[in-house]
Amino acid sequence: MVSVVGGPAGWRGPEMAARSDWKIELTVPQQTELLEALALAPRRPLREVTKDDFPLPTLAALFADVTRELIDGRGFVLVRGVPIDGLAPDQIELLYWGIGQHVGRPIYQRRTDDLLVYVRDQGVDPNSPLVRGYQTSARLDYHCDSSDVVALLCVRPAASGGVSTIVSSVAVHDELVRRSPEVAALLHEQWWHDRKSGDGMDSFFQCSVFASRDGRLFAHYGRAYMESASRHPDIPPLPADRTAALDALDELTNSADFVLNMDFQPGDIQFLNNYTVMHARTEYIDHPEPSRKRELIRLWLVMDTNLGLPEDFAAAGIVSREVAFR
């Protein structure tokens with residue numbers, strides 16, 4: 001029997017749109033502190049740059065508050081005004097990496113050299129089974145990434161579109177429990193997912209969409225990756241009842257009653273708890289000039305604390321979170 005979870009992570013979009021406490025506007029002294037840390041940071045490979053190499057005398061406390069909000073609060077924060085204007089690409093990467101170290105432990109995102117992933121249109125076929133959505137300009141449906149926290153730094157927005165939209169997994173789950181408890185229960189069962197890392201069985205794993213543990217809700221969702229799992233000959237297509245359950249979930253995640261939109265500006269960093277927030281993106285059109293095309297940088301973080309993850313969540317996704325602690 002599944003039940004309503006509630007709590008601060010169970011927010012709704014219109015409520016958040018009327019508030020501004022989820023936005024942190026960096027002041028000029030705070031921007032200066034970041035640039036001073038960047039100037040002193042060692043020029044080594046990113047994986048060798050630690051939190052101690054990027055001291056933030058006053059901002060460290062602010063980013064510690066961000067971490068607490070991600071774990072125990074609403075599950076998302078938007079930091080606005082990161083001073084990237086005029087910086088070279090490698091300086092932007094180092095600045096972003098240093099900030100990330102004050103929120104969590106960075107983790108690679110597919111291969112060991114994928115510490116930062118550029119989210120931009122690569123001109124690839126979105127229908128290819130091994131292409132992932134961030135490599136295209138197509139709309140991305142609601143999903144969770146494969147880390148405790150996902151961070152997105154906006155370097156340049158699109159000419160039009162590309163709006164980031166988020167929903168509370170907790171609020172959507174609780175509404176499903178109220179409306180259709182049998183559907184909610186089905187989403188707490190095991191489902192096949194596709195890592196899209198190849199054709200072998202190691203590209204596939206089982207994990208529930210929702211799991212409750214110690215009063216917390218955890219979500220792991222990506223419909224395209226779940227439907228794609230049947231490309232393996234030993235994994236059957238989704239039966240009608242499971243397809244209907246995903247339809248019911250998608251109806252809520254796309255409802256104006258739950259959605260919060262964020263129109264990124266250069267220097268914005270969006271931090272999301274993947275277990276309590278699902279995110280999507282509208283389709284976008286790029287500027288024709290390559291130097292003006294939409295570009296975001298994605299960072300995956302794990303928390304250096306016991307989150308009480310269900311066993312299948314700890315091993316789910318593209319990369320096991322445990323690699324961050326080796």
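**Aromatic rings and their surroundings**

Trp191 stands opposite Cys207 in β10. This description rests on a predicted model. The two strands concerned, β9 (residues 190–194) and β10, run antiparallel to each other and are paired over 5 bridges. Strand β10 covers residues 204–208, and because 4 of its 5 residues are buried, the strand is largely enclosed by the rest of the structure.

Trp191 also has a charged partner: the charged end of Arg242 sits over its ring, 4.3 Å from the centre. A second contact of this kind involves a lysine, with Lys196 lying over the face of Tyr225 at 4.8 Å from the ring centre.

Turning to contacts between rings, a search of the whole structure finds 5 aromatic pairs. For Phe218 and Tyr275, the ring centres are 5.7 Å apart and the planes meet at 70°; this angle is over the 60 degrees required, so the pair is edge-to-face. Distant parts of the chain are linked by this pair, as the two residues are 57 residues apart. Phe218 belongs to strand β12 (residues 216–219), while Tyr275 is found in the loop between β14 (269–273) and β15 (277–281).

Both partners can be placed by their accessibility, for which the buried class ends at 20%. Phe218 has a relative accessible area of 3% and is therefore buried. Tyr275, at 7% relative accessibility, counts as buried too.

Elsewhere, ring pairs join Trp11, Trp22 and Phe76 into a cluster.

Notes
Residues numbered from 1 in each chain as written. Predicted model: local features only at pLDDT ≥ 70, side-chain atom pairs only at ≥ 80, totals over all residues. Heavy atoms only, no water. Phe/Tyr/Trp six-rings, centres within 6.5 Å; stacked < 30°, edge-to-face > 60°. Buried < 20%, exposed > 50% of the residue type's maximum accessible area, 1.4 Å probe, protein only. Lys NZ or Arg CZ within 6 Å of the ring centre and 35° of its normal. Pairing = 2+ DSSP bridges.
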